[in-house]
Amino acid sequence: MPHWLVIDLEATTDEGGWPLEEMEIIEIGATLVNASGYEVEHFQRYVRPTRRPLLTNFCRELTHINQADIDSATPWASVWAQFEHWLKAHPAPLAGWASWGEYDRRQIEQQVSALGVENYLGSVDVSAEPQQGCSEGQHRLEMTGLFLKTRSNPPVMLQFAEQALHDV
């Protein structure tokens, strides 16, 4: 049975935001979920940014990530290699992955491209981003519908997806 991957990224930023090109991933969290909607395994690593290694006050408050966690973290290339090794170690195929949305996909693509390696996640992506004007309740219903389409257990799967969404 295929698994779903739910990803949550945190990245460097400041109040008002930065262009994607100036942001760097500082944390990757991912949960593999089986077709029944239950967690198979979880991956979490902090990433040491190279362009702006000192987190802004805004970024620390938004992400709840301490500077000490970042200072002791490994660089992106190492974390991405660990992530792909972790993901490939599971024999079940990957049905798709869900994240907060287009930002996560683009940030991963940008940073993987900079490494000059192929993105193992490929083009399989299911966005969990709410549509503009969509209320939180409507968004939960859309997320439930998304996981119903995979014949998953929506309440259990939704718990993982909503935690990822809540963290952003």
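Me: When do two aromatic rings count as a pair, and how many such pairs does the structure hold?

Reply: Rings of Phe, Tyr and Trp (its six-membered ring) pair if their centres lie within 6.5 Å; planes under 30 degrees apart are stacked, over 60 edge-to-face, and the rest tilted. The structure holds 5 aromatic pairs. One of them joins W80 and F83, a tilted pair with 5.1 Å centre to centre and 35° between the planes. This is a predicted model, in which local features need pLDDT of at least 70 and side-chain atom pairs count only at pLDDT 80 or more, while totals for chains, interfaces and linings use all residues. Residues are numbered from 1 along each chain as its sequence is written, and side-chain values use heavy atoms, with hydrogens and water left out.

Me: Are W80 and F83 buried or exposed?

Reply: Buried means under 20% relative accessible area, exposed over 50%, and partly exposed in between (1.4 Å probe, protein chains only). Both W80 and F83 are buried. Ring pairs also link F43, W76, W80, F83 and W86 into a cluster.

Me: What is a salt bridge, and which residue forms one with E22?

Reply: Side chains of opposite charge can pair when their charged atoms come close. The criterion is a side-chain nitrogen of Lys or Arg within 4 Å of a carboxyl oxygen of Asp or Glu. The whole structure has 2 salt bridges. In one of them, E22 meets R52 at 3.1 Å, N to O. E22 is partly exposed, at 32% relative accessibility, and R52 is partly exposed at 32%. R105 forms a salt bridge with E109, their closest N and O atoms being 2.7 Å apart.
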